[in-house]
Amino acid sequence: MQRYKPVPKGTRGVVAAATLITAVVLGGAAAATPGAEACTAMQDASVAGYGDLRINATTHADGRCLIEGSFEHRTGVDGVDYFIGFAVALPDSWNQRFLFQGGGGLNGSVRPPEGPAGAGDMPAVERGFAVASTDSGHQGVGWDSSFKADQIAMLNFANDAVPKVDTLARALVESYYGSAPHHAYWAGCSTGGREGMMMAQRHPLAFDGMIIGAPAMRTDQSNTALSHMASAFNALAATGADGTLDRSTVFSDAQRSLIADGILAACDSNDGVADGMIFDTMSCAFDPATLACGNGAATGDGTCLAPEQVALVETMFAPTVDSTGYEVYPAYPVDADVMATPERGIPGLFRFDRENNLQYRNTITELSVEDAVARGIRSDRQQWMVNTRLWTNLSSFAGNGGRILFYHGTADPWFSALDTVGYYEDLQAEGGAVADAAALYLVPGMGHCRGGSTALDQFDLLTSLVAWVEDGTAPASVEATSAANAGRSRPLCPYPQHAQYSGSGDSEDAANFACVE
């Protein structure tokens, strides 16, 4: 299914990205055959509208040409030197497709353009996609947000850098291969998911198909929810010998196991098999009160929870609301991995005692949701620029054949999978082509974008997306596996379906599960 009507050669990227830049390569004509010689020739590439384009390196290795460069060099009002950095990977065996790889966090660095999101064990570049990535127009490490002081840097991060790099990258692709890609795709998680949503909402003709994972749709409200939970957690923490809160005292190790086991006891078998994973997420009805101590019972042995601990567990799984009951942020799904403690990656929802939790240094013990909303949501104009949760009018995107596959881990401690469920359901409420243009996959046990002690976090949505866009084959279940559970496979089902064990055959084999509502 060809989404675009034919446009003059060399202009499709310009039309799709809806920019005023004419992207025509003027120099660096490629050799007839992609390879080392053609890659070296790209060192001299120039593109109209990108007068200060710098190709910093062209490297041919592992059957692909990697172009690294920058443009829009300037000194900001804050005295900082800025530019938009980018990289484009051009495989020798090109499948005539282009994929833009979304960023992560606050960006600030150019990640290797490989296209791993939602691609299972074979990233897009290894399949023959030309892949681009960008730092979104500023340079920094970690969660350095100082760039937001500069208007252009903030605009580039929020919206502008991606279409600029998209237009440039497609011009380089066409110069290298001598023809434009016949389809363009997006794949990203977290910030990369938010960027993908932004492109579908504001540049609806840019991409034919998109993979959007755990999107950072409204970090102001998700951070308010996490701060609300942290304050409730901190209120029960003892003060350590150094005078700081010791969050590890809120629950004993035995009580943490008690909570995780209680979740599994309540919900694990709903999908037909007790395997330590909750696939029927939406029917999970875990009541923390079932873990409460009886009258006069001690809590030190970890066999039960004190009343204040029960109340805390209820708070952790409840929506964040203000005094009027208005929902600022939805609840988090009940998932057994809430106690996960990875040395790398993000710990579970309950592990505020881990330094790799971004709320680790949040020591408040009280929070007014109304004040937080007033300070961090209603008054933060810059945040409005990046939020993508409310805009569901994708009529042009969907009407031109655009397709989106969402995915979200139900153990994600940063962004609730139920927020993505809410956005997907709002798309369904739009009806018509918009409702038919998206599908959502929930991934039990998976944390933020990947990982989890039980999660089957290896799954190939990219093959399904290409089949949907180019052949009209609607999404079906996708098999998921992981190194953490060798030999186990399960189908991931399009929401609202979930994987249900058939009752016979090997329960470790996805073939013995069906997608049901």
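This is a short chat about reading a few features of a predicted model.

Reader: Let's start inside. Which residues touch the most other members of the largest nonpolar core?

Author: The general idea comes first: in soluble globular proteins, nonpolar side chains tend to be buried together. Here, the largest nonpolar core has 57 residues, and those touching the most other members are Phe86, Leu90, Phe98, Phe207, Met210, Ile404 and Phe406. Helix 3, residues 151-177, gives the most to this core, with 10 residues. Apart from it lies another core, of 39 residues, with Ile211 and Phe513 among them.

Reader: Okay, pick one. What does methionine 210 touch?

Author: Skip residues up to four places away in sequence, and its contacts include Trp186, Met199, Phe397, Ile404 and Leu465.

Reader: Now a polar one. Is asparagine 357 buried or exposed?

Author: Buried means under 20% relative accessible area. Asparagine 357 has 10% relative accessibility, so this residue counts as buried. You'll find asparagine 357 in the loop between strand 13 (327-329) and helix 8 (369-378). A polar atom of its side chain lies 2.7 Å from the backbone nitrogen of glutamine 359. Beyond its neighbours within four places in sequence, asparagine 357 is in contact with Pro347, Gly348, Arg351 and Phe352.

Reader: And the backbone? Where is proline 496, and is the peptide bond from tyrosine 495 to proline 496 cis or trans?

Author: Proline 496 sits in the loop between strand 18 (490-492) and strand 19 (498-501). The bond from tyrosine 495 is cis, with omega near 15 degrees. Also look at glutamate 72 in strand 4: its phi is positive, about 55 degrees, although it is not a glycine.

How values were computed: Residues numbered from 1 in each chain as written. Predicted model: local features only at pLDDT ≥ 70, side-chain atom pairs only at ≥ 80, totals over all residues. Heavy atoms only, no water. Core = buried A, V, L, I, M, F, W, Y, C linked by side-chain atoms within 4.5 Å. Buried < 20%, exposed > 50% of the residue type's maximum accessible area, 1.4 Å probe, protein only. Helix = DSSP H or I, 4+ residues; strand = E, 2+ residues; numbered from the N terminus. Contact = heavy atoms within 4.5 Å. Polar contact = N/O pair within 3.5 Å; in protein donor to acceptor, adjacent residues only side chain to side chain.
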